[in-house]
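Colleague: Please take me through the pockets of this model. I would like a close look at what lines them.

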Amino acid sequence: MTFTIRPMDAPLGAEVIGFDIDRHATAEAAARLQQAWLERVVLCFRDQALSPDGFVRLASLFGKPTPQPLQRPEYRVDGHPEIRVLSNHHTDTLGDGKPLRIGGSWHTDHSHQQHPPRGTMLYAVKLPSSGGNTSFTDQHAAYNALPVEMQERAKVLRVHHVYNSPFAPRRMPKLTAGEAAEAPDAVHPLARPHPVDGRRAIYLNPIRTANIEGMPTEAAQELLDEMLAHSTKDQFRYTHSWRPGDVLIWDNPQALHMVDHDYPADELRLMHRTLVQTV
């Protein structure tokens, strides 16, 4: 029996049903999944029971899994530098010791890197009894919905991304002096071409966008706020209600995402994450 790819009843997203990593990890399956991923932005594999090895194998169907940027003991899975543990019980151990609201505002992953990860894959290891949905946007569709003159302007505007923008709506984990010295920054066009097919998408990241080249700071932030409000309209959004065994992969060049921190604080929300680059 083969697996089924079924579009969500939403502007983006698709379910992958009946997929078994031991039976379906073929070049033909990878090509089919990659095309659906490009078209639907977010794929959800249902009813998975994956070991760390199996999780990395699944990610490998979409590209090359890469080591996680922060390799702290509490984030590690032994023997798997490509996997990071995401837990609502993690705290800012180098800062004030308070819990980290990881992912709790609109963002795209690691945009401060010169070559940000193409994909992020997340595996639901332990879910709270309620809440914790993750929302996504289709930034390519949002770009196409802009007036033509704004599309052309966005192609030439260059945005500076840093580890933690002074205008960020939430704080990032505090870095050691060594980590801070090695934290990259990057400049990307506001309408960034997709690395696979060159289609433009609005590329912004409120936690990392510091300024726009050649624009006064206030005007730059006003424009970025306008682009964010446009990008996150309902017509471009899909909100995922997690089930046990779900594995999601989303296409960072054409998606923003955000998790709701509305679940019971004393319950565990535990995920495994890996990042992939297009080979």
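**Pockets and their linings**

Modeller: The lining of the second largest pocket has 4 nonpolar, 2 polar and 1 charged residues. Keep in mind that this is a predicted model. The residues lining this second largest pocket are Asn-88, Pro-99, Leu-100, Arg-101, His-261, Tyr-263 and Ala-265. Arg-101 is the charged one, because Arg counts as charged. The space in the second largest pocket comes to about 150 Å³.

Now the largest pocket. It holds about 720 Å³ of space. Its lining takes in 41 residues, and the closest to the centre are Arg-84, Ile-102, His-110, Met-172 and Arg-273. By class, this lining splits into 19 nonpolar, 14 polar and 8 charged residues.

Which elements build the wall of the largest pocket? At least two lining residues come from each of these: strand S6 (80–87), strand S7 (119–126), helix H6 (177–182), strand S16 (257–259) and strand S17 (270–277). S6 gives the largest share, with 4 residues.

Look again at the residues closest to the centre of the largest pocket. Arg-84 falls within the span of strand S6 (80–87), and Arg-273 within that of strand S17 (270–277). Both are among the five closest to the centre. Both count as charged, because Arg is in that class. Ile-102 and Met-172, also among the five, count as nonpolar, because Ile and Met are in that class.

Terms used: Residues numbered from 1 in each chain as written. Predicted model: local features only at pLDDT ≥ 70, side-chain atom pairs only at ≥ 80, totals over all residues. Heavy atoms only, no water. 1 Å grid on protein atoms, 1.4 Å probe; cavity = no way out; pocket = protein on both sides within 12 Å on 5 of 7 lines; lining within 4 Å. Points joined across faces, edges and corners; volume = space filled by probe spheres on them.
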